[in-house]
Structures are given as structure tokens and as C-alpha cells.
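Visitor: I'm new to this structure and would like a close look at one spot. Please pick a residue and take me through it and what lies around it.

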Amino acid sequence: MSKPVDSVPADRPLSGKTALVTAAYTGIGRSIAKTLATQGAKVVVQHPHFPEPAAEVVEEITEAGGTALALAADIADRDEYEELVQALLEEGGGWHVLVNTAAVPESEPFPKLSSEAFDSNFAATVKGVFHGLQLALQHLADEGRVINVCDPAAPGSAVHDATRGAVEQLGQAVAPDFTPRRITVNTVSYGAGTTDNAELETALASLRPTEPGAVVAYLAGAAASTVNAQIIRLDGTSGR
């Protein structure tokens, strides 16, 4: 199990922490990885054996003064994910933040969607998150952070939207398992909701987020230690 970070400089609040961002070679994951690096985190760019775009992300981060490395794994494959985590622990000096962003958009409209495509979508999204949560429970540092990030709902993407709902519910359901070690589990998603966390609402009002990067960076830091088992909406609200 990783050790927590004792202290961090105020201008780089994630210094000394290693953050694994799944699917960080593209899309939302790529943006979040770069944001966390600017906050001082050492970022692990997970990619499903696509080394070239992952290397580009690492290069962008290092050129901007950050620290990053790329590690390959099919996160739907438990053995590959475990090997990635072991490499992360050896090369990253510990594991403090997990950001789940992997998702597979549907390639066909629902009436034509194959059973194989359905399985692939759930494997890449929900099963990958499931594996990450279990491995984080074993290896993440005390006072660590788990942050799930869901794409917005899209017309004609029924199965993808179903995986989004599954990830939201899974995050809330397992959050109590992490509380003995003061690890928080939250989800950044889209849409309307209600909140019962005044501190969170104040932070969101200040951030006024339209993209998940700023919210993820906030959740990864010490200021969000009391925010747990929340679904945080990018319209500025939080649902439970």
C-alpha cells in the first residue's frame, strides 16, 4: 500500500502525488492529465497499447514543466491492470489518485448494435472502473482520491449512457469501503441534481466549471477531504 504525502507547496497542491488517469492518451483523459500535472502531480498516462498518442501527452506535460510517464494496459483485463499498478508503484513512488475516464462510444445505432459491441462497451467502461476500484482499495495511499469521470449523455447512445449510469452508481455504492482509510470516491458527470454538501457547492460556485479538469483537480486536493460519495454535475450541482 502506498504512503500518504506529508506536505505540499501551496502553489502546486498535488506535488508529491502520483495520479493514474485512464485513457489519458485522448479526449477528456488527456485534458485531465495535463491539468493534474500543472498542479504538481506525477501523472501516469494509461493507454490500451496505443503508445504514440500517449507519448505525445507525456511530451506535452514534460515540455510544460510537469512529470509524466505512459503505461500500457487493457484495463478490462485484470492481469494487465495489475501489472500496470505494480509498474506504477515501482516507478511512481506510490499511488495517490485514480481518475477513471475510459469509455467507448457506440459505433452503430441501437437497433443494429451487436451483442459483442455491447460487451465491449461495458468491459472498457464499467469493468475497467470495477478493476480500478478494487486495485485502488488494495494499493492506493491513505487519504487518496478516486474520481470517476463520465461523458455527457448523447442521443442514440443508449448503451453508452447505461454504462455512465452504472459508473455513477458504482462509485457511490463502494465509497463506504474506502472510508476507513479516509479515501474519497466521487464522480464527475453531467446534468441536474441536488446537493447536501455546502462546502462542495461553495467550491463549485467558485470554479464555475464547464469542463471536468478543474473539478477533478479540486477533488484530488486536500480541500476536498470532506467530499465523498457525490455525483458532481458540470452545471454546478451535485447529486446523491
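**A close look at Asn148**

Guide: Let's start with the company Asn148 keeps. Apart from neighbours within four places in sequence, Asn148 is in contact with Asn100, Val129, Val167, Gly171, Val185, Asn186, Thr187 and Val188. Keep in mind as we go that this is a predicted model.

Where is Asn148? You'll find it in strand S5, which covers residues 145-149. Asn148 counts as buried because its relative accessible area is 0%, and the cut-off for buried is under 20%. Its side chain has polar partners in there: a polar contact of 2.7 Å links it to the side chain of Asn100, and another, at 3.5 Å, links it to the side chain of Thr187.

Now step back along the chain to Glu143, which sits in the loop leading from H4 to S5. Glu143 isn't a glycine, yet its phi is positive, about 65 degrees. While Asn148 is buried, Glu143 is partly exposed, with 42% relative accessibility.

Two of the contacts of Asn148, Val185 and Asn186, turn up again around another asparagine, Asn228. That residue is in the loop between helix H7 (212-220) and strand S7 (231-233). The side chain of Asn228 reaches the backbone nitrogen of Val185 at 2.8 Å. Beyond its close sequence neighbours, Asn228 touches Val185 and Asn186, and also Ala175, Thr179, Ile183 and Thr184.

Look just before strand S6 (184-189) and you'll meet Arg182, in the loop that joins helix H5 (158-178) to that strand. Arg182 has a positive phi too, near 60 degrees, and is another residue other than glycine. With a relative accessible area of 46%, Arg182 is partly exposed.

On to a helix a little earlier in the chain. H3 (residues 78-92) has 15 residues and spans 20 Å from its first C-alpha to its last, close to the expected 21 Å. Seen down its axis, the buried residues fall within an arc of 165 degrees, so they line one face of H3. That buried set is Tyr81, Leu84, Val85, Ala87, Leu88 and Gly92, and it packs against strands S1, S2, S3 and S4 as well as helix H4. Turned away from that side are the exposed residues Asp79, Glu83 and Glu90. At the start of H3, a side-chain oxygen of Asp77 comes within 3.0 Å of the backbone nitrogen of Asp79. After the helix comes Gly93, with a positive phi near 75 degrees.

And the wider setting? The protein chain has seven helices and eight strands, and 50% of its 240 residues count as buried. In soluble globular proteins, nonpolar side chains tend to be buried together. Here the largest nonpolar core has 66 residues, and Leu36, Val43, Trp95, Val99, Val146, Ile147 and Leu219 touch the most other members. H7 gives this core its largest share, six residues. Take Val43 as a sample: leaving out its close sequence neighbours, its contacts include Ala19, Val21, Leu36, Ile61 and Leu69.

Contacts like those of Asn148 with Asn100 and Thr187 bring together parts of the chain set well apart in sequence. Among contacts between residues at least 6 apart, 73% join residues at least 24 apart.

How values were computed:
Residues are numbered from 1 along each chain as its sequence is written. This is a predicted model: local features need pLDDT of at least 70, side-chain atom pairs count only at pLDDT 80 or more; totals for chains, interfaces and linings use all residues. Side-chain values use heavy atoms; hydrogens and water are left out. Helices (H or I, at least four residues) and strands (E, at least two) are DSSP runs, numbered from the N terminus. The expected span of a helix is 1.5 Å times one less than its number of residues. Buried means under 20% relative accessible area, exposed over 50%, partly exposed in between (1.4 Å probe, protein chains only). The arc is that of the directions from the helix axis to the C-beta atoms. Contact means heavy atoms within 4.5 Å. A polar contact is a pair of N or O atoms within 3.5 Å; within protein, one must be able to donate a hydrogen and the other to accept it, and residues adjacent in sequence count only if both atoms are side-chain atoms. A nonpolar core is a set of buried Ala, Val, Leu, Ile, Met, Phe, Trp, Tyr and Cys residues joined through side-chain atoms within 4.5 Å.
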